[in-house]
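Student: Please take one part of this structure and go through it closely. I would like to see how the loops, helices and strands around it are arranged, step by step.

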Amino acid sequence: MNSNTLVQKIWNFCHTLKDDGVGYGDYLEQLTYLLFLKLAHEYAQPPHNRDTHIPRSCDWTTLKSKTGEPLEAHYLTVLHKLGEEPGMLGAIFFKAQNKIQDPAKLSRLVQMIDAENWLSLDADVKGDLYEGLLQKNAEDTKSGAGQYFTPRALIDAMVECVNPQPLKTVADPACGTGGFFLGVHAWLTRPGMNLDRKQARFLRHETFHGNEIVPGTRRMCLMNLFLHNIGELDGAPSVERSDALISEPYKTFDYVLANPPFGKKSSMTFTNEDGEEDRDALTYERQDFWTTTSNKQLNFLQHIVSMLKITGQAAVVLPDNVLFEGGAGEKIRRKLLETCDVHTLLRLPTGIFYAQGVKANVLFFDKRPASPKAHTKGVWIYDLRTNKHFTLKTRPLKREDLQDFIDCYHPANRHQRKETERFKYFDYTTLVARDKASLDIFWLKDDSLDNLDNLPPPDVLAQEIVEHLESALRSFRDVAAALPRSSDL
């Protein structure tokens, strides 16, 4: 069976399960469990003969030998037992559950996976299949999975600008399903790179380090990496299941590429004295932070600075409020401009994220040694928002839409840049003199304000109205969350 036929077969079965109420996310989890066990089985056979550390009572052979209700019962036992194992096994099967309630369809899925020799497939085929399912899951807005998905075109552009090198470490403190890791992996294995044995081994085993607090998302991330030949079946997981903001990083890294979760407030849910669920803001008391705040994005920005080596580079997706917010926001911006070389800001258009109402940017900066003088000389700002119109379905952001930005960024030597209509330079003195040291800067004229003929198509216009309303609602929710509760007065 060729790769296209296999992909279509997997898709078709996904649609069959959706009729039973099994969404893309649930299907992805079950596919992850079964595919991992089948791959382990193939690795245990000649010529590989590897010890996969999977107990014989839980291996692939015991699953494929059963059908109907006995298969369902055994599958539940396997999921529970493997979830208690150490290393990658325990990470993949942590709190695993069977979401396929029809034993006959579970049996069909097992048979379908068993019919293929997965190790014989190219990593691109396995990876593209899994990434396709991840994207479909992100498009299912009801599942909320879109918050873990960054447009691949944007990831590729960020990676090309940062230009990661072999034998360097890459971290993401909120890695979702691993999109930035795969972008860096593709960059380092692109035609012409020709990695030597040492570089290839480092790329597979030591390059990537991440955190993901949601168990199911972490599971998909680990499987996504594994299917792209990152990590080992019986090795330690490269992604920790923890809140990255809780404590100072235990090590530092050469590069950080990240899109921290949307939403300003860090919070936890607890049960109050009346037995009702309540939420409380989390404030992280960290000695390495410049200031204490409950604003999640500002905390991630401070954490990322702490994660970087003295020569480290970062490219981070951040919402607009990080650019202009007062109080803690102003203090953090001023400290960032002083202690790091904040050199580039990409103002992103609306309509490119699955989470609606998000107005975001990419901030590029390099960490520098302590110095009495500010390291930022000036910031180059590229405006990809004004007079740009995108939607997820009819006008998605593509790689070519970011080419002009990449050309202006000039990755080969970013000190040889030239201003253009969309690319302007603002020196340090100008920036720190602005109210609250705001980086929220626009200079292009919105054509649609003067000429109705310049309005975007109706579907795009409608989507932009939704984006603006969602953004306003998000801001109002943040204000409401910050107000004292009547019970506290």
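Tutor: Pro-47 sits in the loop that runs between α2 (24-44) and α3 (60-64). The model is a predicted one, and in it Pro-46 and Pro-47 are joined by a cis peptide bond with an omega of about 5 degrees. Most peptide bonds are trans. The loop between α2 and α3 also holds Asn-49. Asn-49 is not a glycine, yet its phi is positive, at about 50 degrees. Asn-49 counts as exposed because its relative accessibility is 52%, and the cut-off for exposed is over 50%.

Another loop gives a similar backbone value. Lys-95, in the loop between α5 (87-92) and α6 (103-114), has a positive phi of about 50 degrees and is not a glycine either. Most residues other than glycine have a negative phi. Lys-95 has a relative accessibility of 66%, so it counts as exposed.

Now turn to the sheet. Nine strands form an open sheet with mixed pairing, in the order β3-β2-β1-β4-β7-β9-β8-β10-β11. Its edge strands, β3 (239-240) and β11 (423-427), each pair on one side only. Strands of a sheet pair through backbone hydrogen bonds, either parallel or antiparallel. For one pair in detail, take β8 (residues 340-347) and β9 (residues 360-367): they run antiparallel and are joined by seven bridges. One of the residues involved is Val-342, whose bridge partner in β9 is Phe-365.

Helix α12 packs on this sheet and touches β1 (170-172), β4 (253-258), β7 (308-319), β8 and β9. The direction of α12 makes about 160 degrees with that of β7. Helix α14 lies across β8, β9 and β10 (378-383), and runs at about 120 degrees to β8.

How do the two helices meet? The axes of α12 (residues 296-307) and α14 (residues 328-339) come within 11 Å and cross at roughly 20 degrees. Angles under 35 degrees count as roughly parallel, and α12 and α14 are therefore roughly parallel to each other. Their crossing is left-handed. On the α12 side, Leu-298, Leu-301, Gln-302 and Val-305 make the contact, and on the α14 side Ala-328, Gly-329, Ile-332 and Leu-336 do. By class, this contact has six nonpolar residues, two polar ones and no charged ones.

Thr-291 ties a loop to this pair of helices. Thr-291 belongs to the loop between β6 (277-281) and α12. Apart from neighbours within four places in sequence, Thr-291 is in contact with Gln-302, Ala-328, Lys-331 and Ile-332. Three of the names have come up before: Gln-302, Ala-328 and Ile-332 are among the residues where α12 and α14 meet. Thr-291 has a relative accessible area of 16% and is therefore buried, the cut-off being under 20%.

The last residue is in helix α8 (residues 152-162), where Cys-161 lies. Is Cys-161 buried or exposed? Cys-161 is buried, since its relative accessible area is 4%. Residues up to four places away in sequence aside, Cys-161 touches Phe-364, Phe-405, Ile-406, Tyr-409 and Pro-411. Among them, Phe-364 falls within β9, which covers residues 360-367. Cys-161 and Arg-414 are 253 residues apart along the chain, but their C-alpha atoms are separated by 9.2 Å.

Terms used. Residues are numbered from 1 along each chain as its sequence is written. This is a predicted model: local features need pLDDT of at least 70, side-chain atom pairs count only at pLDDT 80 or more; totals for chains, interfaces and linings use all residues. Side-chain values use heavy atoms; hydrogens and water are left out. Axes are lines fitted to C-alpha atoms, for helices over the stretch in contact, and angles run from 0 to 180 degrees between N-to-C directions. Helices (H or I, at least four residues) and strands (E, at least two) are DSSP runs, numbered from the N terminus. Angles under 35 degrees count as roughly parallel, over 145 as roughly antiparallel, 65 to 115 as roughly perpendicular and the rest as oblique. A crossing is left-handed if the near helix is turned anticlockwise from the far one by less than a right angle, and right-handed if clockwise. Contact means heavy atoms within 4.5 Å. Ala, Val, Leu, Ile, Met, Phe, Trp, Tyr, Cys and Pro count as nonpolar, Asp, Glu, Lys and Arg as charged, and the others, Gly among them, as polar. Two strands pair if DSSP finds at least two bridges between them. Buried means under 20% relative accessible area, exposed over 50%, partly exposed in between (1.4 Å probe, protein chains only).
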